[in-house]
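User: I'm new to reading protein models and would like some help. Could we go through one together, feature by feature?

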Amino acid sequence: MSKKIAVLTGAGISTSAGIPDFRGPDGVWTKHPEQTKVYDIDAFLTNQKDREYSWRWQKESPVWNAQPGAAHKALVKLEKAGLLTLLATQNFDALHEKAGNSPDIIVNLHGTIGTSHCMKCHAKYDTADIMARLDEEPDPHCHRRLKYQGHMPCNGIIKTDVVYFGEMLPDGAMEKSMRLVSQADEFWVIGSTLEVFPAASLAPVAAQAGVPVTIMNMGKTQYDNIATRLIHEDIAVALPKLVDETIAEAQSDEQ
């Protein structure tokens with residue numbers, strides 16, 4: 001029977017793809033705390049200038065333009081080998097989707113920049129389409145015509161599906177992650193400082209369920225003491241190596 005591996009990824013998996021982390025020593029918000037306002041839901045809803053700045057910042061951010069790195073591709077390989085049952089991520093860069101992991105196993109704990117929605121009628125949008133028109137419409141609003149309003153445009157505010165400060169996590173995201181972590185044979189934490197809750201609580205959830213925990217992160221985390229394996233190496237090199245070893249081990253077990 002195939003081993004079941006649940007994975008949590010954080011900013012560290014995307015730094016090699018050119019996205020600086022947010023909370024590390026050289027993080028975007030460490031150096032520029034005022035930029036946290038980009039993802040402040042109250043400012044976004046109440047102030048047009050803040051909305052325009054938020055959209056422009058996101059379009060020009062490496063988060064929007066980045067491409068998946070070797071570590072992201074390694075997790076696609078792990079899924080194709082039938083070993084990956086959960087890919088919970090704290091990142092909203094949509095790089096796991098771009099790399100080719102199945103939406104069925106991805107749980108975007110902090111949302112995703114890949115899609116957007118109208119906050120009034122809940123119409124769905126591809127963020128790429130909005131970004132392409134941002135010069136013509138710097139404060140994107142919904143143009144869907146509503147039947148119940150005589151086909152008048154909705155005109156609701158559009159925002160990305162990133163979870164902004166002051167918003168709830170996506171419905172059911174933590175519950176699904178906790179369930180699949182508890183049912184796994186191994187739990188890997190890749191590139192997360194394990195400081196942001198509730199995502200960080202997945203590590204003790206795994207430990208309490210008797211699931212061995214691997215933490216792969218350049219710096220220390222508060223949960224290193226519950227890990228059965230600690231890897232302090234470059235994730236872009238260490239994760240593909242771990243995936244290859246795990247697949248080889250699984251194949252030899254089946255023979």
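User: Let's start with C118. Is C118 buried or exposed?

Analyst: Keep in mind that this is a predicted model. A residue is called buried when its relative accessible area is under 20%. C118 comes out at 0%, so C118 counts as buried. C154 has 1% relative accessibility, so C154 is buried too.

User: Both of those are cysteines. How many disulfides are there?

Analyst: Here's the general idea: a disulfide is a covalent bond between the sulfur atoms of two cysteines. To be counted, the two sulfurs have to be within 2.5 Å. In this model the count comes to zero. For C118, the nearest cysteine sulfur belongs to C154 and is 3.6 Å away.

User: And why is C154 not bonded to C118?

Analyst: Look at the distance again. The closest cysteine sulfur to that of C154 is the one in C118, and 3.6 Å is too far for a bond.

User: Okay, on to the sheet. How do I read the strand order?

Analyst: Strands of a sheet pair through backbone hydrogen bonds, and they can do that in a parallel or an antiparallel way. Here you have three strands in an open sheet, ordered 5-4-8, with antiparallel pairing. Strand 5 (124–126) and strand 8 (158–162) sit at the edges with a single partner strand each, so one side of each has no neighbour in the sheet. From one strand to the next, the twist averages 40°.

User: How many bridges does strand 4 make with strand 8?

Analyst: Five bridges link strand 4 (residues 111–118) to strand 8, and the two run antiparallel. Our cysteine shows up again here: C118 has I158 of strand 8 as its bridge partner. There's also a helix to spot. Helix 3 (residues 48–60) packs on the sheet and touches strand 4 and strand 8, and its direction makes about 45° with that of strand 8.

User: What about the pairing of strand 4 with strand 5?

Analyst: That pairing is antiparallel as well, over three bridges. You can find T115 standing opposite D126 of strand 5. While you're looking at strand 4, check how covered it is: six of its eight residues are buried.

User: How many residues lie between the strands in the hairpin of strand 4 and strand 5?

Analyst: Five residues lie between them, and in this hairpin H122 takes a positive phi near 70°. Note that H122 has this positive phi although it isn't a glycine. With a relative accessible area of 55%, H122 is exposed.

User: Which other residue should I look at for a positive phi that isn't a glycine?

Analyst: Try L194, which has a phi near 55°. You'll find L194 in the loop between strand 9 and helix 9. L194 is buried, with a relative accessible area of 1%.

User: One last feature, then. Where is there a cis peptide bond?

Analyst: Go to F197 and P198: a cis peptide bond joins them, with omega at about 10°. P198 is in the loop between strand 9 (186–190) and helix 9 (202–208). That's the loop that holds L194.

Definitions and conventions. Residues numbered from 1 in each chain as written. Predicted model: local features only at pLDDT ≥ 70, side-chain atom pairs only at ≥ 80, totals over all residues. Heavy atoms only, no water. Pairing = 2+ DSSP bridges. Helix = DSSP H or I, 4+ residues; strand = E, 2+ residues; numbered from the N terminus. Axes fitted to C-alpha atoms, helices over the stretch in contact; angles between N-to-C directions. Contact = heavy atoms within 4.5 Å. Buried < 20%, exposed > 50% of the residue type's maximum accessible area, 1.4 Å probe, protein only.
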